[in-house]
Amino acid sequence: MARRRQIYEGKAKILYEGPEPGTIIQYFKDDATAFNAQKKGTISGKGVLNNRISEHIFTLLGQIGIPTHFIRRLNMREQLVRQVEIVPIEVVVRNVAAGSLSKKLGIEEGTQLPRTLIEYCYKDDALGDPLVSEEHIACFGWATQEEMHDIADMAIRINDFMCGLFAAIGIRLVDFKLEFGRLWDGDYSRVILADEISPDGCRLWDMNTGEKLDKDRFRRDLGGEVEAYQEVARRLGLMPEGADTTVLDLDTHRKKRSKD
């Protein structure tokens with residue numbers, strides 16, 4: 001499929017005009033960023049893995065009734081999605097204390113939270129995606145009360161489903177971020193899940209070893225990013241057993257790193 005006009009380029013993806021009105025082609029890059037793009041790098045093959053993982057999770061979510069922008073995967077790095085108006089709120093769902101939550105509140109990383117915590121951040125890289133309340137969202141008209149109810153309900157359902165999905169393959173779903181968009185039909189709109197769900201936006205820890213299988217390996221200079229993403233894909237059944245690229249032995253990686 002020939003590419004059309006580029007609409008937008010973000011930190012991890014490029015959006016192109018789709019083949020039909022109301023569609024977008026989402027291209028997954030290998031670029032990696034952290035700390036609001038203060039740290040930049042490349043994880044070879046990340047875009048291919050994230051495309052496949054996100055397709056798999058969005059397809060499963062669609063099967064349990066979560067409306068999403070996903071239509072179909074086009075090739076190794078691209079998928080066709082519905083064009084939406086992105087709600088300028090990043091939704092962070094937390095099951096375990098980690099990252100900024102641990103740092104801000106002094107809670108030891110790895111502490112199981114007494115209940116699932118949903119946080120909202122205003123999507124603005126220049127401001128560092130600040131944490132905001134539902135009062136801020138209502139005051140500035142970023143989303144209606146009805147939209148926020150739908151978003152919170154979907155976030156809880158997605159979390160329940162994904163916790164089970166990952167637990168079944170020995171992975172602890174620590175936290176993850178979601179984005180939503182408005183799908184317009186004339187003068188009316190409904191909120192649906194957009195963007196992606198991949199190790200870029202999830203904290204995924206091996207249940208037995210506690211090894212990080214996500215972008216924290218890049219953030220914290222742990223190395224082994226490609227192997228970690230591959231392991232998530234392998235456990236989800238998205239990579240053939242025994243293939244040369246399905247390596248992940250992080251214990252070997254650690255030993256090798258200590259010798260370097």
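User: Let's start with isoleucine 197: which residues does it touch, leaving out those up to four places away in sequence?

Analyst: Bear in mind that this is a predicted model. Isoleucine 197 is listed among the residues with the most contacts inside the largest nonpolar core. Leaving out residues up to four places away in sequence, its partners are Ile53, Ser54, Ile57, Phe58, Leu61, Ile158, Met162, Leu178 and Cys202.

User: How many residues does the largest nonpolar core have?

Analyst: Besides Ile197, the residues with the most contacts inside it include Val91, Phe166 and Leu193. Elements that each supply at least two of its residues include α1 (46–63), β8 (85–96) and β12 (188–194). The full count for this core is 47 residues.

User: Which element gives this core its largest share?

Analyst: Among the elements that each supply at least two residues are β4 (31–34), α4 (145–167), β11 (171–185) and α6 (225–235). The largest share is eight residues, and it comes from α4.

User: And which domains does this core draw at least three residues from?

Analyst: The domain assignment splits the protein into a stretch at 6–82 and another at 85–236. The core takes at least three residues from each of them, that is, from domain 1 and domain 2.

User: How far apart are the centres of domain 1 and domain 2?

Analyst: The two domains are in contact, with 32 residues from domain 1 and 34 residues from domain 2 taking part. Taken over C-alpha atoms, their centres are separated by 16 Å.

User: Is aspartate 200 buried or exposed?

Analyst: Aspartate 200 sits in the loop between β12 and β13. It touches Ala12, Lys46, Asn50, Lys215, Arg219 and Tyr229, not counting residues up to four places away in sequence. Its relative accessibility is 11%, and the cut-off for this class is under 20%, so aspartate 200 counts as buried.

User: What does the side chain of aspartate 200 make polar contacts with?

Analyst: One polar contact, at 2.8 Å, goes to the side chain of lysine 46. Another, at 3.3 Å, goes to the side chain of asparagine 50. Put together, the partners are lysine 46 and asparagine 50.

User: Why is aspartate 129 worth a look when it comes to phi?

Analyst: Most residues other than glycine have a negative phi. Aspartate 129 lies in the loop between β9 (112–122) and β10 (131–132), and is buried at 16% relative accessible area. Although it is not a glycine, its phi is positive, at about 50 degrees.

User: What about aspartate 195: what is its phi?

Analyst: Aspartate 195 lies in the loop between β12 and β13. Its relative accessible area is 13%, so it is buried. It is not a glycine, yet its phi is positive, at about 65 degrees.

User: Switching to pockets, which element gives the largest share of the lining of the second largest pocket?

Analyst: This pocket has a volume of about 160 Å³. Twelve residues line it, with Val48, Leu49, Arg52, Met76 and Leu238 nearest its centre. The elements giving two or more residues to that lining are α1 and α6. The largest share, four residues, comes from α1.

User: What separation do the C-alpha atoms of glutamate 227 and leucine 49 have?

Analyst: Glutamate 227 is in helix α6, and it is partly exposed, with a relative accessible area of 27%. Along the chain, glutamate 227 and leucine 49 are 178 residues apart. In space, their C-alpha atoms are separated by 11 Å.

Conventions. Residues are numbered from 1 along each chain as its sequence is written. This is a predicted model: local features need pLDDT of at least 70, side-chain atom pairs count only at pLDDT 80 or more; totals for chains, interfaces and linings use all residues. Side-chain values use heavy atoms; hydrogens and water are left out. A nonpolar core is a set of buried Ala, Val, Leu, Ile, Met, Phe, Trp, Tyr and Cys residues joined through side-chain atoms within 4.5 Å. Buried means under 20% relative accessible area, exposed over 50%, partly exposed in between (1.4 Å probe, protein chains only). Domain bounds come from an automatic or database domain assignment. Contact means heavy atoms within 4.5 Å. A polar contact is a pair of N or O atoms within 3.5 Å; within protein, one must be able to donate a hydrogen and the other to accept it, and residues adjacent in sequence count only if both atoms are side-chain atoms. On a 1 Å grid over the protein atoms alone, a cavity is a set of points where a 1.4 Å probe fits but cannot get out, and a pocket is an open set with protein on both sides within 12 Å along at least five of seven lines; lining residues have an atom within 4 Å of a point. Grid points are joined across faces, edges and corners, and a volume is the space filled by probe spheres set on the points.
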